[in-house]
Amino acid sequence: MKFLFFITLFFFISLILSQSEFEEIKKMEVQKEEKAFDPYSLIGKRFLQYKGLKEVEGETFTALELPENHRVITPGMAVTKDFDPERINVYLDGENVVVDVDYN
């Protein structure tokens with residue numbers, strides 16, 4: 001009888017936890033949608049390889065600020081021609097300043 005009680009208790013606790021996790025994920029998705037990324041706002045900004053290197057608010061950015069599916073392309077860099085409409089390509093000049101952005 002005790003075994004059945006503990007099984008039932010475990011089931012309800014896991015149900016409550018999964019519901020709260022679901023609500024947390026939903027909040028995160030809403031926050032992500034509110035912070036829509038505008039890739040064209042990067043044009044003219046300097047790309048920094050590492051966070052903390054001469055950061056200037058509004059003038060620099062790092063890969064951490066880019067969507068997960070991205071690639072940073074430097075002059076003369078070899079790139080594949082595979083098509084991925086969700087991927088953002090960030091093109092840099094010789095001084096790591098963004099000159100173009102596109103989806104591919």
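**Close-up views of a predicted model**

**View 1. Strand 4 is mostly covered.** Strand 4 spans residues 88-92, and four of its five residues are buried. The model shown here is predicted. Two neighbours pair with this strand: strand 3 in the parallel sense and strand 5 in the antiparallel sense. Strand 3 covers residues 70-73 and is joined to strand 4 over four bridges. Strand 5 covers residues 98-103, and five bridges link it to strand 4.

**View 2. N89 has a partner in strand 3 and another in strand 5.** N89 lies in strand 4, opposite R71. In strand 5, D102 is the bridge partner of N89. Which sense does each pairing take? Strand 3 and strand 4 are parallel. Strand 4 and strand 5 run antiparallel.

**View 3. A hairpin links strand 4 and strand 5.** How many residues lie between the strands of this hairpin? There are five. N96 takes a positive phi near 65 degrees in this hairpin.

**View 4. D38 sits in a loop.** The loop runs between helix 1 (2-34) and strand 1 (46-48). Is D38 buried or exposed? Neither label applies: its relative accessibility is 41%, so D38 counts as partly exposed. The cut-offs are under 20% for buried and over 50% for exposed. L66 is 28 residues from D38 along the chain. The C-alpha atoms of D38 and L66 are separated by 9.8 Å.

**View 5. Helix 1 carries F5, a member of a nonpolar surface patch.** F5, L9 and I13 make the patch, which has an area of about 290 Å². The place of F5 is in helix 1. Why does F5 count as exposed? Its relative accessible area is 52%, and the cut-off for exposed is over 50%. D38, at 41%, counts as partly exposed.

**View 6. The whole chain gives the setting for the close-ups.** The protein has one helix and five strands. From the N terminus on, the order is α-β-β-β-β-β. The chain has 104 residues, and 18% of them count as buried. In strand 4, by contrast, four of five residues are buried. The accessible surface of the protein is about 8,600 Å². Carbon and sulfur atoms hold 61% of that surface. Among contacts between residues at least 6 apart in sequence, 29% join residues at least 24 apart.

Notes
Residues numbered from 1 in each chain as written. Predicted model: local features only at pLDDT ≥ 70, side-chain atom pairs only at ≥ 80, totals over all residues. Heavy atoms only, no water. Buried < 20%, exposed > 50% of the residue type's maximum accessible area, 1.4 Å probe, protein only. Pairing = 2+ DSSP bridges. Patch = residues over 30% accessible without salt bridge, like charges linked within 9 Å, V, L, I, M, F, W, Y side chains within 5 Å. Areas by Shrake-Rupley, 256 points an atom, 1.4 Å probe, with all protein chains shown as cover. Salt bridge = Lys/Arg side-chain N within 4 Å of Asp/Glu carboxyl O. Contact = heavy atoms within 4.5 Å.
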